[in-house]
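Reader: I should like to learn how to read the features of a structural model. May we take them one at a time?

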Amino acid sequence: MQHTQEKWGRPRDDVYGPYDASYLNSEPRTQTLQPTVTGTSVIGMKFNNGVVIAADNLASYGSLRRFIDQERLIKVGSETVVGVGGDVSDLQTIEEIMEGLEISESYDEPAQSLTAPNIHSYLQRIMYKRRSKLDPLWNALVIGGFKNDEPYLAFIDLLGTTYTAPAVASGFGSYLAIPILRKLVDREGDQQNVSKEQAVDAIKEAMKVLFYRDGRALDKYSLAILSKKDGKPDVEILKDVRVENQNWSMAKQIKGFGTQDE
Amino acid sequence: MTSIGTGYDLSNSVFSPDGRVFQVEYAGKAVENGSTSIGIRCKDGIVLAVEKITVSKLLKLGANKRIQTVDKHVGVVYSGMNPDGRHIVTRSREEARHWRDQFREQMPIPTLAANVASYVQLYTVYNSVRPFGVNTIIGGVDDEGSHLYMIDPSGKSWGYRGAASGRGRQTVNNELEKLDFDKLTAAEAVKEAARILYVAHEDNKDKDFELEISWVTEANGRVHEFVPESLLAEAKIYAEEQLDADVEG
Amino acid sequence: MSRFNPYGDSSGGSSLAIAGADFAILAGDTRHSTGFSIDSRDQSQIADLGDGLFLTSNGFSADAKQLVDDLRTQIKWYHHNNNDHKLSISAAARTTMMLLYGKRFFPYYVNPIMIGMADDGTGAVYSFDPLGSYDREPSRAAGHASELLMPFLDNQVTFANQLDPQTGEPRKRLDLDLQTAVDLVKDAFTGAAERQVQVGDTLEIVILTKDGVDRQYYDLRRD
């Protein structure tokens, strides 16, 4: 006989064992614990008249090349591009948030034009807010555009950390691309001496190195070139750009793993 | 209106013995005296236009827009009580945003018009509220093509090739009926809209007015926006020329 | 499965403040780094709060940014509510403590330092721990090189635990003159940049006197 009321009607301990309450004391529930389908690095640099940003078209599922035509550069407003690395479903969330922002801004009369600093600030607040709810958007963002006609380039990560620099990169790009880009733009102001062609070449070179060395990279990517023409923004997004002049002859020299004759 | 004063005009939720809801009809009166607005559904898109009477010289030119954007692909213009119109716009925006959040697609314009009409209709069946004093013209382009709807204070929503509302509607309708909507391009429709509003304004000549014209076309990427300044200027010149020709001829 | 860690190791390098009899100095390098990677060489970490107040917050830089935004909001409302009355540094310091302690159970991972001119005209340095403990001090260093900078300041500014060779008495803290203080700051950072990889690029110094604000920049090691 069980003598206390709270035990009445419950399974008998001597038959079913004591109640397992451990789930009540387990870890609090959190949201995204890890990204699933992911994009790799995004890179960007300034030049004398604008900004170049690139991100490849691969969405990986772990080490699986899951989707090979994922667009990761988002044009926001008329003169800003946001490059997104990290979780692709969160990328889509950001895409929707940006579209909602654009629509809300178009309500205003006269319509305000969203600038890169506006979008940078807005996205930083979203990323920081989500990390503070322990429900982060698992992304690294590169924002390129203009601030008072000058090139503007900024970075935000999933914690809401942010900074601006003349060359930025996420993921492997921060190790492999940054040294290449900083040869041209090391400190703020260096971009004055860099032409659009030089910047595009440097970005293409960096994308090549990334494809060689980053196992989650693809040799097909999108390239956004933002420049000012007569004070007006000109945004050109080149799609399906290929890594050119690949040279894999050194692959034969690599020994020590796999099935090899010697 | 012979039944005025018989007590059946005080409440929304009461029919008169001859089957009318007077509050709704009175709302229609508010519209009849409102500024003239036009919608044209042409070959490659839609055009919205409104005659904005300058009620005071103190008002800033180009401010207080009467045509508004609901979603990227949809615009709205209305005749009647402006504050009611703005409320309808706010409601329309909520509808369109809700659809986007739910389905990740742009809202089909027939659905938007139907939902907004349902909302308007609700304000005709409760005695605690009054109907909206506006005729709302909703126009846009979606995957199914271009659409133009006009919703009246009763909540009636009909699709149109050309729609007119407000003070000059009779004149405008006469002019609209002459257009060949299957052949008309949006750029031509902009000019015609300007011309027609100028014609309609002849009956109200003592007052100055501003012209607002917007469009959604396939060519501009299905985005609702005001027509370029240059096109608006061109349309005004065309309208004045045609008007002069009519007077002389 | 590991839990999401809301804190990161992104930060500005180091910062340092010295209070004088009629001046206050706040200095910081402009390097922003994550781990061993240099994110930016030109990210100023000194926030101008208005009312002659300047703040650095070393630690997790996303939290630092949020703290600055919070403080700016507080100061804006203080002005709205009090006819644009200037916020004193003692009140600003108290406000900072309120903001920090307000997040006692999800703290801002930062070590803020604030400078300004006190009501009596002396230079003031206030420093805080992440939970809001705070105090007015003659000098303070924070950030990656705080362990290198702070002992140097103790030795050169406060003369801590030093005996006067003439009298054998504990050496009294002197009021530094401005130039000596600025030179100390430069030496301190040159030294810190030598040994701490997260410190370098450019040294930004804000000098506060009764006459206003002066900003100076000096090159540091960039490797």
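**Reading the chains and their contacts**

Author: Let us begin with a single residue of this predicted model. A:Thr36 sits in the loop between helix H1 (13–16) and strand E1 (37–39) of chain A.

Reader: Is A:Thr36 buried, partly exposed or exposed?

Author: Relative accessibility is the value to consult, and partly exposed residues lie between 20% and 50%. A:Thr36 has a relative accessibility of 46%, so this residue counts as partly exposed.

Reader: Which residues does A:Thr36 contact, apart from its neighbours within four places in sequence?

Author: Its partners are A:Ser60, A:Tyr61, A:Gly62 and A:Asp87. The pair A:Thr36 and A:Tyr61 shows how sequence and space are read side by side: they are 25 residues apart in sequence, and their C-alpha atoms are 6.1 Å apart in space.

Reader: Let us turn to the chains as wholes. Which chains share the most contacts?

Author: Two pairs of chains are in contact, and of these chains A and C share the most contacts. Chain B and chain C do not touch, the distance between their nearest C-alpha atoms being 27 Å.

Reader: How is the size of an interface commonly given?

Author: The accessible area lost when the parts come together is often used to give the size of an interface. Between chain A and chain C, the buried area is about 2,400 Å², and carbon and sulfur atoms give 52% of it. On the side of chain A, A:Tyr128, A:Arg131 and A:Tyr163 supply 23% of the area buried against chain C, more than any other three residues. The contact involves 30 residues of chain A and 28 residues of chain C.

Reader: How many salt bridges and polar contacts are counted between chain A and chain C?

Author: There are four salt bridges between these two chains. One salt bridge joins C:Asp63 to A:Arg131, with the closest N and O atoms 3.0 Å apart. Residue pairs in polar contact between chain A and chain C number twelve.

Reader: Which elements give two or more residues to the side of chain A that touches chain C?

Author: They are helix H3 (116–132) and strand E10 (162–164) of chain A. H3(A) provides the largest share of that side, five residues. Sorted by class, the side of chain A that touches chain C has 13 nonpolar, nine polar and eight charged residues.

Reader: Where does C:Arg41 lie, and is C:Arg41 buried or exposed?

Author: C:Arg41 belongs to the loop between strand E5 (37–40) and strand E6 (47–50) of chain C. Its relative accessibility is 9%, so C:Arg41 counts as buried. Beyond its neighbours within four places in sequence, C:Arg41 contacts residues of two chains: A:Arg182 and A:Asp186, together with C:Thr30, C:Arg31, C:Asp201, C:Thr202 and C:Arg222. The side chains of C:Arg41 and A:Asp186 are joined by a polar contact of 2.8 Å.

Reader: How should the interface of chain B and chain A be read?

Author: The same questions apply. About 940 Å² is buried between chain B and chain A, with carbon and sulfur atoms giving 42% of that area. On the side of chain B, the residues that lose the most area to chain A are B:Lys72, B:Arg93 and B:Arg97, which together account for 48% of what that side buries. Twelve residues of chain B and nine residues of chain A take part in the contact.

Reader: Which polar features are found there?

Author: Chain B and chain A have four salt bridges between them. In one of them, A:Glu99 pairs with B:Lys72, the closest N and O atoms being 3.4 Å apart. Seven residue pairs are in polar contact across this interface. Strand E3 (68–71) and helix H2 (82–103) of chain B are the elements that give two or more residues to the side touching chain A. By class, that side of chain B has two nonpolar, two polar and eight charged residues.

Reader: Is B:Glu95, in helix H2 of chain B, buried or exposed?

Author: A residue under 20% relative accessible area is taken as buried. B:Glu95 is at 14% and therefore counts as buried. Not counting residues up to four places away in sequence, B:Glu95 touches B:Met107, B:Leu112 and B:Asn115.

Reader: Which residues are buried in helix H4 of chain B?

Author: In this helix, residues 169–176, the buried ones are B:Thr171, B:Val172, B:Glu175 and B:Leu176. They lie on the same side of H4(B), because they cover an arc of only 130 degrees around the axis. Their cover includes strand E1 (37–42), strand E8 (162–165) and helix H5 (186–201) of chain B.

Note on methods: Residues are numbered from 1 along each chain as its sequence is written. Chains are lettered from A and ligands numbered from 1 in the order in which they are written. This is a predicted model: local features need pLDDT of at least 70, side-chain atom pairs count only at pLDDT 80 or more; totals for chains, interfaces and linings use all residues. Side-chain values use heavy atoms; hydrogens and water are left out. Contact means heavy atoms within 4.5 Å. Buried area is the accessible area (1.4 Å probe) that two parts lose on being put together, summed over both. A salt bridge is a side-chain nitrogen of Lys or Arg within 4 Å of a carboxyl oxygen of Asp or Glu. A polar contact is a pair of N or O atoms within 3.5 Å; within protein, one must be able to donate a hydrogen and the other to accept it, and residues adjacent in sequence count only if both atoms are side-chain atoms. Helices (H or I, at least four residues) and strands (E, at least two) are DSSP runs, numbered from the N terminus. Ala, Val, Leu, Ile, Met, Phe, Trp, Tyr, Cys and Pro count as nonpolar, Asp, Glu, Lys and Arg as charged, and the others, Gly among them, as polar. Buried means under 20% relative accessible area, exposed over 50%, partly exposed in between (1.4 Å probe, protein chains only). The arc is that of the directions from the helix axis to the C-beta atoms.
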